[in-house]
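Open the model in your viewer and keep the selection panel at hand. The tour goes stop by stop.

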Amino acid sequence: MSEQLVRDLKINGLGQAAGGTYGKVSIDGIGTLNGDTVCDLLTVNGSLKTKHSIQGGEIRINGNSSVGGKVGSGRLRVDGMLKVDGDVRSERMDINGMLRIGGGAAGDTLEIDGSLKSSGNVEFETVQVYGGFQVGGMLNAGTLELKMAAACQAREIGGERIRVAAKKGSRKLLGLFTSSLAIRLTADVIEGDDIVLEDTKADVVRGNRVRIGPGCEIGVVEYRHAYEADPKASVGKAVQL
Amino acid sequence: MTEELISKKELLDVTGISYGQLYRWKRKNLIPEQWFIRKSSFTGQETFFPREKILQRIDRILNMKDDLSLDALADMFSPSPGESSMSVGEILERNIVSSVSINLYLETMDSVQQPILGFEKILIIYVLDKLLRSGDISLDEGRLLIRTLEAYFPEKTGRECGIRLTRKMGVAAFLLVPGDGEVYLDSEVKTVARLSMPACTEELKLRMSGSEGS
């Protein structure tokens, strides 16, 4: 026994386990972890519930899971739904489904095909979204590539390269009835070096090169080098600095 | 005395950096979240920074980013302690602190000789050295400082802590202020010296890594 330093954990059906350090953790069914867990690989097919934190080399969630503490991983993939009350830190994050975070999120690459909801800041070098998000704090991304298929909202957006467009063929009709479901990006402030926007509503947009596309409603644009606006956009005023 | 602030717009004008750079450094933790101070102004929300701290930080980043990776810089600026430890001899040889300070420190310790000092200890000596050199404190007050720091730093105060030396009617008192906020004292109290631990940590790391000769 003492020879084997880390053991694997397997839950099939319904089960509970203490936290601790494991090699592989796989849950097929419904599992509960009653303590902080560290592992190389966590796979959930079904449901995982824990009030504690999880640290894993790789984490895959298929189904519906909730974590009361923090989540840290090299790679996090959610196919289904994951709810985390604390912060999430993952070098690579793929969301096919939904992720709700009570804290903030940080890492290197974030890809959302679905939706992300976060109360705190979201900071990644590369962010690609095909879907929607709601960020209570600031979305800070080196490169932000946003193809909206749902309403997107952030208090502040900052980065180097920001591209926002509505996904082709997305349902525009819904927005006619309820403005909250309209497919558009809403933010107080958007700041970056190189900004191209479509279907965006913002109070202030600041950048070196700014292009305001159709469907935008912008209060003030402040730019350094270049500015362009589509005739189908509404811009309160544009100022060169 | 409230800190002087600089708006984001002015900061970019003065330093010549772009929004992208500013946000990249923020992501890399080169600029702490607490420095982003959001205030509403007539043009909507504006972000301000503590003027002196941010200008110095950006100056350092711009000067050093060619030699060091952003991650190495982040280590340098983080208030967490450095990894390194040094022997007394090495500290003196590299002129990190004066021999007066180090002797004063060794004298207050119970153990006979401790040849290797951890970063935490060196930091305390460095703070002591700074205050002694500036002439703000006497040797006796130096002993008081060592005892105060040893007792409360960083377990009780956290790393983002400020040090004040106050005097009232010739009696000295050290205050450790968690978060380095403002302290309001009665008008007879004179604040003689004021230091910030994160700033000292950063300076010491610079000195120990040898990129800033003394």
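**A tour of sheet and cavities**

Start with the lining of the largest cavity: its residues divide into two nonpolar, two polar and six charged. Keep in mind that this is a predicted model.

**Stop 1: the largest cavity**

Select Glu156(A), Val189(A), Glu191(A) and Arg206(A), then add Lys8(B), Lys9(B), Tyr19(B), Gln45(B), Glu46(B) and Thr47(B). These residues line the largest cavity. The space inside is about 60 Å³.

Which element gives the largest share of this lining? Colour β3(B): three residues come from there. β9 (185-197) of chain A, α1 (8-15) of chain B and β3 (44-50) of chain B each supply at least two lining residues.

**Stop 2: the helices of chain B**

Stay with α1(B). It lies across β8 (122-166), β9, β10 (200-212) and β11 of chain A. Against β11(A), the angle of α1(B) is about 0°.

Now pick α2 of chain B, residues 19-27. This helix lies across β8, β9 and β10 of chain A. Its angle to β8(A) is about 95°.

**Stop 3: the sheet of chain A**

Hide chain B and show chain A as a cartoon. Twelve strands form an open sheet with parallel pairing. Follow the order from β1 through β2, β3, β4, β5, β6, β7, β8, β9, β10 and β11 to β12. Which strands stand at the edges? They are β1 (7-17) and β12 (234-240) of chain A. Each has a single partner strand, so one side of each is left without a neighbour in the sheet. On average, neighbouring strands of this sheet are turned by 15° against each other, direction ignored.

Zoom in on β12(A) and its partner β11(A), residues 217-229. The two run parallel and are joined by six bridges. For one bridge pair, select Glu222(A) and its partner Val239(A) in β12(A).

**Stop 4: the second largest cavity**

A search of the whole structure finds two cavities of 30 Å³ or more. For the second largest, select Leu42(A), Leu48(A), Ile54(A), Ile59(A), Ile61(A), Val67(A), Val71(A), Leu76(A) and Leu82(A). About 40 Å³ of space lies within.

Colour the lining by class. What shows up? Nine residues are nonpolar, with no polar and no charged ones. Compare the largest cavity, where six lining residues are charged.

Finish with the strands. β3 (37-50), β4 (54-67) and β5 (71-84) of chain A each supply at least two residues of this second lining. The largest share, four residues, comes from β4(A).

Key. Residues numbered from 1 in each chain as written. Chains lettered and ligands numbered in written order. Predicted model: local features only at pLDDT ≥ 70, side-chain atom pairs only at ≥ 80, totals over all residues. Heavy atoms only, no water. 1 Å grid on protein atoms, 1.4 Å probe; cavity = no way out; pocket = protein on both sides within 12 Å on 5 of 7 lines; lining within 4 Å. Points joined across faces, edges and corners; volume = space filled by probe spheres on them. Nonpolar A, V, L, I, M, F, W, Y, C, P; charged D, E, K, R; others polar. Pairing = 2+ DSSP bridges. Axes fitted to C-alpha atoms, helices over the stretch in contact; angles between N-to-C directions. Contact = heavy atoms within 4.5 Å.
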